[in-house]
Amino acid sequence: MPLTLVIVGAAAVVGDATAVTHTARSSGRSGFGKSGEPGQAQRDQDQALSATAPAKDGNAYTPRRTEENARIGAVFEKDDQGAHFCTASVVRSPGRNMLITAAHCVFDADSGQPVNDLVFAPGYRNGHEPSGLWKVSKVVVDDRWAKSQDEDLDVAFLALDQQDGKDIQDLLGGNTLGMDRGFDNKVKITGYPVSRDTPISCQNRTTKFSETQLRIECTGLADGTSGSPWLADYDPKSRTGTVIGVLGGHEGGGDQDDVSYAAYFDDDIAKLYRRAQDED
């Protein structure tokens, strides 16, 4: 049975946003920024990264399996038989079923429609899905992104169907959303390049690219890492961190593997998050 994806627009000023509903169609979309293309053939595995412990700031490594990494996963279209093309992660919500990613990962600007039949594989490695494959039931992006692909609004929230009567947050927990955290933050980025079936991680400090964009220097953040969470202040005791950005924004996240961007989480993103909860 086809999924219905809802595109929701946040208002430019304080107040209710106007919801725009689309019925999902089976339509692919060309890769943009640091996203791949849904269903494209898997590239040869990149074996360059072998470290399993944090490397020097700015250098990518293959992370270990941890609770922190388990709530980050690969995004596929329809099932896991094609290539994963973006990254998403679990964020806390009252419905306990929400992901955050980049808007350009889940909305086809050419057709004006959401990407159809998205699925999420948290903790995905080498074809294995330790926490299962979760179907996306709803996509929420800002109306202005849908109309003009405003790079400052390159953020999306995804609601997931339950599995065996449980929500994804019941199984994996979730990170909090950090609003207006400033431009200088130490973050860890974990994502899934199209060329790999294992994730990569990189840690460094963010800098200010513009009033509405964060910038970071980290190696290896290639196609497929769009939507990767920029996670600050992870606390192993509380098992939570704070997502202050997702890889995207300027140039869809950047046109160089070693330099990436994220839209700054301001009031517009806070409104979108609230709207996603209301529409869930």
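Ile-100 is a good place to enter this predicted model. Leaving out residues up to four places away in sequence, Ile-100 touches Ala-88, Ser-89, Val-91, Val-155, Ala-156, Phe-157, Leu-177, Gly-227, Val-243, Val-246 and Phe-265. A second core, separate and made up of 16 residues, includes Trp-230, Leu-247, Ala-262 and Tyr-264. As for Ile-100 itself, this residue belongs to the largest nonpolar core, which has 41 residues, and is listed there with Leu-118 and Phe-157 as having the most contacts inside the core. Strand 9, covering residues 134-141, gives the most to this largest core, with five residues.

Confidence in the prediction deserves a word before going further. The protein has a mean pLDDT of 85, and 83% of its residues reach 70 or more. Residues 1-29, however, have a pLDDT below 50, and this stretch has 90 contacts in the model beyond near neighbours in sequence. Residues 41-48 also have a pLDDT below 50, with 18 contacts in the model beyond near neighbours in sequence.

Attention can now turn to two buried residues outside the nonpolar lists. Ser-228 is found in the loop between strand 15 and strand 16. Ser-228 counts as buried because its relative accessible area is 0%, under the 20% cut-off. Setting aside neighbours within four places in sequence, the contacts of Ser-228 are Thr-87, Ile-189, Thr-190, Gly-191, Gly-245, Val-246 and Leu-247. Val-246 also appears among the residues touched by Ile-100, and Leu-247 is one of the residues of the second core. Along the chain, Ser-228 and Gly-73 are 155 residues apart, yet their C-alpha atoms are separated by 8.7 Å.

Gln-169 is the other buried residue of this pair, with a relative accessible area of 9%. Gln-169 sits in helix 4, which spans residues 168-172. When neighbours within four places in sequence are left aside, Gln-169 is in contact with Val-91, Arg-92, Ser-93, Arg-96 and Gly-174. Val-91 is also one of the residues that Ile-100 touches.

Next come the strands. An open sheet is built from three strands in the order 14-15-18, and their pairing is antiparallel. Strand 14 (207-210) and strand 18 (259-263) form the edges, each pairing on one side only. On average, neighbouring strands of this sheet are turned by 35° against each other, with direction ignored. Strand 15, residues 213-217, is joined to strand 18 by five bridges, and these two strands run antiparallel. Within the sheet, Arg-215 stands opposite Tyr-261 of strand 18.

Charged side chains add another set of links, and the count of salt bridges comes to 12. One of them brings together Lys-188 and Glu-68, with an N to O distance of 3.6 Å. Lys-188 belongs to strand 12 (residues 186-191) and Glu-68 to helix 1 (residues 67-70), so this pair ties together parts that are 120 residues apart in sequence. Are these two partners buried or exposed? Lys-188 counts as buried because its relative accessibility is 12%, and Glu-68 is buried too, with a relative accessible area of 13%.

Another salt bridge links the side chains of Asp-143 and Lys-147, at 3.2 Å from N to O. These residues are four apart in helix 3 (residues 143-148), so about one helical turn separates Asp-143 from Lys-147. The surroundings of the two partners contrast: Asp-143 counts as buried at 18% relative accessibility, whereas Lys-147 counts as exposed at 66%.

A further salt bridge connects Asp-233 with Arg-181, whose closest N and O atoms are 2.7 Å apart. Asp-233 lies in strand 16 (residues 229-235), while Arg-181 lies in the loop between strand 11 (176-177) and strand 12, so the pair ties together parts that are 52 residues apart in sequence. Asp-233 counts as exposed at 54% relative accessibility, and Arg-181 is partly exposed, with a relative accessible area of 31%. Salt bridges that share partners also join Asp-142, Arg-144 and Asp-268 into one network.

Definitions and conventions. Residues numbered from 1 in each chain as written. Predicted model: local features only at pLDDT ≥ 70, side-chain atom pairs only at ≥ 80, totals over all residues. Heavy atoms only, no water. Pairing = 2+ DSSP bridges. Axes fitted to C-alpha atoms, helices over the stretch in contact; angles between N-to-C directions. Buried < 20%, exposed > 50% of the residue type's maximum accessible area, 1.4 Å probe, protein only. Contact = heavy atoms within 4.5 Å. Core = buried A, V, L, I, M, F, W, Y, C linked by side-chain atoms within 4.5 Å. Salt bridge = Lys/Arg side-chain N within 4 Å of Asp/Glu carboxyl O. pLDDT = per-residue confidence, 0-100.
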